[in-house]
Amino acid sequence: MNSIKFLYAAYIATWLIHGLYIGSLVRRYGRLRQQMKDLGRGK
Amino acid sequence: MKRAFPILAVLTALFLVYAFYQALWVAPTDALQGDVYRIIYYHVPSAWTAFLLFFINFIASVEYLANSKPSTARAARWIVIAIGIVGFFAPFVPQVRQQLPTGMYPSSVATTFLIITALYFVIGKYFVDQDLDVLAVTTAEVGVVFCSIVLVTGPIWARPVWGIWWAPGDIRLTSTLVLWLIYVSYLVLRRFSDSAQTQKLAAVLAVFGALDVPLVYFSIWFFRTQHPQPVIGGGGSMDPRMLHVLLISWMAFLCFAFLVSWSRYRLEKLRREVEEAEALESLLDPAGVSSAVKTPLSRGSK
């Protein structure tokens, strides 16, 4: 039974999920920063 | 505070690398399962972290609801103190002690109740009014991320060990899936509802959702399940070297969860500030005034 690939799959999946979530946070920060810039300019 | 974040981020990254090294190369190989058992160094800490985050969400939601009136807040405080005192001493009473599952120590139950009480007052001290709601949404979202990891890594471990991805009807697996669904629905409610009551409704949902956490945790103590027995207590006999690595891994994931929650908390606070500023600007802006006036009229005419 080549179970080592399951171990790698679990570790990769974990960091993939964390990476996706951190990416979504960065995107949301970027969008907010843009909104703040627009507010500062008075649209 | 601004400087603390990058320093903590670097330290956490190093800690995670160290935990990864410990999990893959230092922890001994399991005699029965081989190397695939090392999935527990990600699976179990993620589950514990998710439970902790959902628990903080529960406390923040209870406090948010209780703080709506000063009298309710006072009553809630006394109820929590009473629960803390009863929960601390009750496990040592022989009749109650007999009811505890095998391997569960009365001292650990007492400590848990003490922590619950302490956490309630600590959160109440540092978070007030809207901050409690911000904390609730933060912990729910990060908790869902960790719970997703539990639900993904669990089947990946089960496939080579059990021969199946999922054991239908298994109470531990099903209750964890239900927990995840409850908190996903919590986030969906918050995302798509514009009602003034959304925060209160979400807090009520969170209180009911949190009731599933003890069910998930204790399901393997009280029910026959395919899921392995608890790694700490419960008659489990884990190699001390494995337990050591597991705790290192949990500490590393806790630091990571703290950092991510911190970022999400700041993001939510900022989002609310921007929303308020936009609403204010639309009121001050002449075009905004006209649209603000038009809206209620058009709604009223429907």
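Leaving aside residues up to four places away in sequence, F146(B) touches S46(B), T49(B), A50(B), L53(B) and A257(B) in this structure, which is a predicted model. F146(B) also belongs to the largest nonpolar core, a set of 64 residues in which I39(B), A136(B) and F146(B) touch the most other members. Two or more residues of this core come from α1 of chain A, and the same holds in chain B for α1 (4-26), α2 (40-66), α6 (130-162), α7 (171-192), α8 (198-210), α9 (212-222) and α10. The element that gives the most to the core is α2(B), with 17 residues. In soluble globular proteins, nonpolar side chains tend to be buried together.

From the core we can turn to the meeting of the two chains, where 20 residues of chain A are in contact with 24 residues of chain B. On the side of chain A that touches chain B, 15 of the residues are nonpolar, 4 are polar and 1 is charged.

One helix pair can be followed across the chains: the axes of α1 (residues 4-41) of chain A and α10 (residues 240-284) of chain B come within 10 Å and cross at roughly 25°. Because angles under 35 degrees count as roughly parallel, α1(A) and α10(B) are therefore roughly parallel to each other, and α1(A) passes α10(B) in a left-handed crossing. On the α1(A) side the contact is made by L25(A), R28(A), Y29(A), L32(A), Q35(A), M36(A) and L39(A), while the residues from α10(B) include S263(B), R264(B), L267(B), L270(B) and R271(B). Sorted by class, the contact of these two helices has 9 nonpolar, 2 polar and 5 charged residues.

Definitions and conventions: Residues are numbered from 1 along each chain as its sequence is written. Chains are lettered from A and ligands numbered from 1 in the order in which they are written. This is a predicted model: local features need pLDDT of at least 70, side-chain atom pairs count only at pLDDT 80 or more; totals for chains, interfaces and linings use all residues. Axes are lines fitted to C-alpha atoms, for helices over the stretch in contact, and angles run from 0 to 180 degrees between N-to-C directions. Helices (H or I, at least four residues) and strands (E, at least two) are DSSP runs, numbered from the N terminus. Angles under 35 degrees count as roughly parallel, over 145 as roughly antiparallel, 65 to 115 as roughly perpendicular and the rest as oblique. A crossing is left-handed if the near helix is turned anticlockwise from the far one by less than a right angle, and right-handed if clockwise. Two residues are in contact if their C-beta atoms, placed from the backbone, lie within 7 Å. Ala, Val, Leu, Ile, Met, Phe, Trp, Tyr, Cys and Pro count as nonpolar, Asp, Glu, Lys and Arg as charged, and the others, Gly among them, as polar. A nonpolar core is a set of buried Ala, Val, Leu, Ile, Met, Phe, Trp, Tyr and Cys residues joined through C-beta atoms within 7 Å. A residue is buried if 20 or more other C-beta atoms lie within 10 Å of its own, exposed if 12 or fewer, and partly exposed in between; C-beta atoms are placed from the backbone.
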